[in-house]
Amino acid sequence: MTVLSARDLVIDIPGRSGGAALGLEIKPGQIWGVLGPNGAGKTTLLHTLAGLKPPRQGQVQLDTLDLTAMPRRTLARKLGLVFQERQDSFPATVLETALIGRHPWLSLWQSEQAEDIRRAEAALEALDVSDLGTRLLNTLSGGERQRVAIATLMTQNPDVWLLDEPTNHLDLHHQVQVMRLLSACSRRNKAIFMCLHDLNLAARWCSHVLLLYPDGQACWGSTEVMLVRDALEGLYGQKLIELHKDDIRLFAPASD
Amino acid sequence: MIRALSVLTGCAVLACGLSLAVGSVTVAPVELWQVVVGQSDGLARTLVLDLRLPRTLSAFAAGGLLAIAGALMQVLLRNPLADPYVLGLSGGAATGALLAMLAGAGVVLVSGAAFAGALFATLLVFGLAHGTGSWTPSRLLLTGVVTAAGWGAAITLMLAVTPAHQLPGMLYWLMGDVSYARLPWPSMVVLVVAVAAMLPLARSLNVLARGPLQAAALGVSVRPLEWAVYLLASLLTATAVTSVGSIGFVGLIVPHMLRLVLGNDQRIILPASALAGGTLLVLADTLARTVIAPEQLPVGVITALLGVPTFLYLLHRSR
């Protein structure tokens with residue numbers, strides 16, 4: 001049970017002065033979606049919340065501890081993230097990749113035990129890539145690699161999950177599968193915070209939404225309140241159509 | 001893992017045995033065994049223990065050091081082409097050594113100058129790559145490549161102005177020469193200590209190979225680890241270059257060949273590099289001193305001639 005909070009936080013975007021100070025509390029059981037146009041600072045926000053990039057102002061805290069005061073290994077047991085871009089300079093198999101999620105849990109002299117391998121295999125199974133275990137990462141498709149990255153985070157099993165566009169490259173079925181998985185994790189008291197471009201996924205699965213504008217302004221709140229057509233049209237500079245079908249809200253770009 | 005390392009250990013022992021047995025006088029395997037277990041005295045004992053063993057061990061240690069340094073640099077820069085030589089470390093060492101030779105210094109001073117040159121090159125590259133911003137792998141690599149070109153020019157200049165009778169010694173040093181190596185123990189100790197020191201960090205290196213951000217997200221203190229790896233790799237290279245001169249290809253090719261066969265787990269790759277690099281250089285040195293005996297070939301030529309086809313073959317049949 002860990003709460004990630006941003007206090008008076010202004011992220012550091014080169015060439016952008018000002019910006020709203022964020023005061024967020026990301027609690028267990030919540031699923032946050034960050035929406036905003038390209039270059040609004042979604043990835044920077046994610047990296048700042050993970051302690052990988054210093055903020056311009058304010059603090060990020062895990063429970064009551066400042067991130068900068070925590071050793072990286074302790075932090076990595078509580079908070080993990082899936083990057084949008086990944087470096088694969090050296091060939092590695094899918095199972096090896098998932099297993100590096102256990103790194104923060106093992107001491108210097110320990111090697112991965114049967115239990116660690118079981119966790120990695122379970123994560124690959126959950127992401128539907130268990131049959132690729134011995135394949136090299138660079139022989140996989142973009143969507144398969146994306147699912148392996150999520151499986152790595154699942155193997156790491158932190159309390160707070162940060163994900164940078166987790167549905168990138170995924171087909172419709174696997175998009176839904178990943179969102180269902182994240183939703184199941186939130187019910188097991190994980191706190192989920194992710195950047196998204198898909199309004200419909202956000203409308204359906206996120207409990208909270210943060211809208212990030214290119215000039216650094218931001219607003220946040222529960223999904224029902226925040227996800228309204230006017231606000232989204234202003235956010236993206238794009239006319240939208242809003243549809244209601246059963247309990248589902250759908251957004252689509254209007255043809256002007 | 002155990003199997004791969006056992007096979008490599010077996011190869012290393014065989015290569016060392018071969019290197020001790022062949023030469024101007026061949027020592028039969030039975031005689032060699034008697035020397036090893038201490039049941040022999042006289043000529044065979046002197047030949048093996050006093051004349052050949054120091055050279056064999058020096059070659060083994062230098063090969064192991066170079067291969068580990070290469071493996072570390074490749075992970076640090078996340079570039080399969082990285083190698084201590086590419087970063088100009090050997091250039092700095094060679095410049096130091098040649099300067100000492102020009103000044104007419106003895107073997108010890110030449111070695112000392114090579115060591116100082118390698119460390120100076122290390123600090124120069126690191127300082128320049130750091131610049132006003134933070135250093136990135138590509139910046140470090142580019143700085144290294146450019147300073148290496150500078151060292152190359154300095155070496156050519158020195159060769160051009162050197163009196164003809166001094167040239168052969170210099171050229172041999174530049175191409176690597178094990179015959180002057182008489183004190184194998186410092187290098188062997190550095191090799192063993194380096195492997196022992198890196199093994200607990202090897203899993204962190206596996207994570208670092210996925211990129212610094214991913215590594216930090218998985219709990220690695222990236223900057224201290226990168227500093228440690230860079231300094232250690234430099235120290236290993238400086239030690240190797242000091243004892244056997246400048247030998248290319250070992251640091252580049254050995255870790256690569258092992259990765260193609262064993263995968264990229266540094267917990268296996270680092271000790272395997274020590275064994276395979278040592279074996280390669282022992283074999284190369286044995287060939288270098290027997291092929292056209294009593295004349296000797298520069299060992300760097302042999303490592304290249306052995307390494308290049310093997311590497312190309314492995315690359316060709318890899319997945």
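Two strands are said to pair if DSSP finds at least two bridges between them. That criterion will be needed at the first stop of this tour, which takes place in a predicted model.

**First stop: a sheet in chain A**

Select strand β4 of chain A, residues 57-62, together with β5(A). These two strands pair in the antiparallel sense, and two bridges join them. Within this pairing, display the side chain of A:Leu62; opposite this residue, in β5(A), stands A:Leu65.

Now widen the selection to the sheet to which both strands belong. The sheet is open and has four strands, in the order β2-β1-β4-β5 of chain A, with antiparallel pairing. Which strands form the edges? They are β2, at 22-26, and β5, at 65-66, both of chain A, and each of them pairs on one side only.

**Second stop: helix α5 of chain A**

Move next to residues 142-156 of chain A, which form helix α5. The helix has 15 residues, and at 1.5 Å a residue it should span 21 Å. A distance drawn between its end C-alpha atoms comes to 21 Å, in agreement with that expectation.

Is this helix largely enclosed or largely open to its surroundings? Of the 15 residues of α5(A), 13 are buried, so the helix is largely enclosed by the rest of the structure. A residue counts as buried here if 20 or more other C-beta atoms lie within 10 Å of its own. Step one residue beyond the helix to A:Asn157, which follows α5(A) and has a positive phi, near 55°.

**Third stop: chain A as a whole**

Select the whole of chain A, which contains nine helices and 12 strands. Its radius of gyration is 18 Å, close to the 18 Å that the globule rule gives for 256 residues, so chain A is as compact as a globular protein of that length. Taken along the principal axes, the C-alpha atoms fill a box of roughly 55 × 40 × 35 Å. Of the 256 residues in chain A, 41% are buried. Among contacts in chain A with a separation of 6 or more, 68% come from residues 24 or more positions apart.

Colour the chain by confidence. The mean pLDDT of chain A is 93, and 100% of the residues score at least 70. Confidence in this chain is lowest in strand β12, residues 248-253, with a mean of 90, and highest in strand β8, residues 191-195, at 97.

**Fourth stop: chain B**

Turn to chain B, where there are 14 helices and zero strands. The radius of gyration of chain B is 20 Å, close to the 20 Å given by the globule rule for 319 residues, so this chain is as compact as a globular protein of that length. Its C-alpha trace spans about 60 × 55 × 35 Å along the principal axes. Buried residues account for 49% of the 319 residues in chain B. For contacts in chain B with a separation of 6 or more, residues 24 or more positions apart provide 75%.

**Last stop: where the chains meet**

Finally, show both chains and select the contact between them. Chain A contributes 23 residues to the contact, and chain B contributes 21 residues. On the side of chain B that touches chain A, α9 (202-208) and α10 (212-217) of chain B each supply at least two residues. Which element gives the largest share of that side? It is α10(B), with four residues. Coloured by class, the side of chain B that touches chain A shows nine nonpolar, seven polar and five charged residues.

Key
Residues are numbered from 1 along each chain as its sequence is written. Chains are lettered from A and ligands numbered from 1 in the order in which they are written. This is a predicted model: local features need pLDDT of at least 70, side-chain atom pairs count only at pLDDT 80 or more; totals for chains, interfaces and linings use all residues. The expected span of a helix is 1.5 Å times one less than its number of residues. A residue is buried if 20 or more other C-beta atoms lie within 10 Å of its own, exposed if 12 or fewer, and partly exposed in between; C-beta atoms are placed from the backbone. pLDDT is the predictor's confidence in each residue, from 0 to 100. Two residues are in contact if their C-beta atoms, placed from the backbone, lie within 7 Å. Ala, Val, Leu, Ile, Met, Phe, Trp, Tyr, Cys and Pro count as nonpolar, Asp, Glu, Lys and Arg as charged, and the others, Gly among them, as polar. The radius of gyration is taken over C-alpha atoms; the globule rule is 2.2 Å times the number of residues to the power 0.38.
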